[in-house]
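Here are some short exercises to work through with the model open in your viewer. Try each task before you read its solution.

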Amino acid sequence: MTTITTRTVEYPADGLTMVGHLALPAGVDRRPAVLLGPEGTGLSDVERRRADALAELGYVALAFDLHGGRYLGNPEEMLARCMPLLADPDRMRGIGHAALDLLRTEPRTDPDRIAAVGYGTGGAIALELGRDGVNLRTIATVNGLITGRPGEASRIRCPVWAGVGSEDPIMAPAQRDAFTAEMQAAGVDWRLVVYGGALHAFHHPSVDHTVRPGVGYHPRHAQRAWRDVVALLAERLPATD
């Protein structure tokens, strides 16, 4: 395991002061980078640990914030903020661009080698960066199969990987079909992995607060999804020569 360094970073976005988590690999050279987006509840230790794990693999990793340093464990509060956000592509892009700009200014980041990985709302933001024509090496979204404005998927310039639980009532089959139809019509190099028996947020360890029905942790598929994301990064954004 390599020695990594981490620090908290603050930056403005969506009228808030966002509080992200930056993880840097050992060394002083420029490295490929990953923008990492959280579920709708917001940045937590789960995403911070994932950013640290990516740094151990050799990536500069920024786990970005959604709610100005807050974690919205109350489902009603989370939905009250996230539903309008998910309905507003420009707001999502603003949050994504603010974090991406910060990641690009990090001296260890190779600005031409960046991927975006997101979960839930964070995955939707990663997709909106693609639809905005951002130069990314790949996009991965778990539980974030959100369709965009008509025609804008044609601006995606990289492969898109998506993962979803088969029993996810939020990303239901009709939503999956709409998402894949959008990607196919736009000529995107896309993949969809359906994890059998998994609910929404199956990748996120159980929490000690109330969650919505249809949300649940699936340890085996959580590990598989993480390995799938790491394999995608190794293919599209290798951290070693």
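**Exercise 1. Find the residues with the most contacts inside the largest nonpolar core, and the helix that gives it the largest share.**

Step 1. The largest nonpolar core has 41 residues, and those with the most contacts inside it are Leu35, Phe64, Leu103, Leu136 and Val160. Such a core is a set of buried Ala, Val, Leu, Ile, Met, Phe, Trp, Tyr and Cys residues joined through side-chain atoms within 4.5 Å. Buried means under 20% relative accessible area, exposed over 50%, and partly exposed in between (1.4 Å probe, protein chains only).

Step 2. Helix α3 (residues 89–105) supplies the largest share of this core, 6 residues. Helices (H or I, at least four residues) and strands (E, at least two) are DSSP runs, numbered from the N terminus.

Step 3. A second, separate core of 25 residues includes Ala55, Trp161, Ala198 and Val229.

Before going on, a word on the source: this is a predicted model, in which local features need pLDDT of at least 70 and side-chain atom pairs count only at pLDDT 80 or more, while totals for chains, interfaces and linings use all residues. Residues are numbered from 1 along each chain as its sequence is written, and side-chain values use heavy atoms, leaving out hydrogens and water.

**Exercise 2. List what Leu103 touches, leaving out residues up to four places away in sequence.**

Step 1. Take contact as heavy atoms within 4.5 Å.

Step 2. With those neighbours not counted, Leu103 touches Leu22, Ala33, Val34, Leu35, Val60, Leu62, Thr109 and Ile114. Leu35 is also among the residues with the most contacts inside the largest core.

**Exercise 3. Check the span of helix α6 (residues 219–236) and work out how its buried residues are arranged.**

Step 1. The expected span is 1.5 Å times one less than the number of residues. For the 18 residues of α6 this gives 26 Å, and the end C-alpha atoms are 26 Å apart, so the two agree.

Step 2. The buried residues of α6 are His221, Ala222, Ala225, Val229, Leu232 and Leu233. They cover an arc of only 120° around the axis, so they sit on the same side of α6. The arc is that of the directions from the helix axis to the C-beta atoms.

Step 3. On the other side of α6, Arg227 and Glu235 are exposed.

Step 4. The cover over the buried residues of α6 includes β3 (31–37), α1 (45–56), β5 (109–119), β6 (139–142), β7 (160–165) and β8 (190–195).

**Exercise 4. Classify the aromatic pair of Tyr195 and Phe202.**

Step 1. Rings of Phe, Tyr and Trp (its six-membered ring) pair if their centres lie within 6.5 Å; planes under 30 degrees apart count as stacked, over 60 as edge-to-face and the rest as tilted.

Step 2. The structure holds 1 aromatic pair. Tyr195 and Phe202 are 5.1 Å apart centre to centre with 45° between the planes, a tilted pair.

Step 3. Tyr195 is buried at 4% relative accessible area, and Phe202 is buried at 0%.

**Exercise 5. Is His204 buried or exposed, and what is it in contact with?**

Step 1. His204 lies in the loop between β8 and α6.

Step 2. His204 counts as buried, at 10% relative accessibility.

Step 3. Leaving aside neighbours within four places in sequence, His204 is in contact with Ser44, Val46, Glu47, Arg50, Tyr71 and Tyr217.
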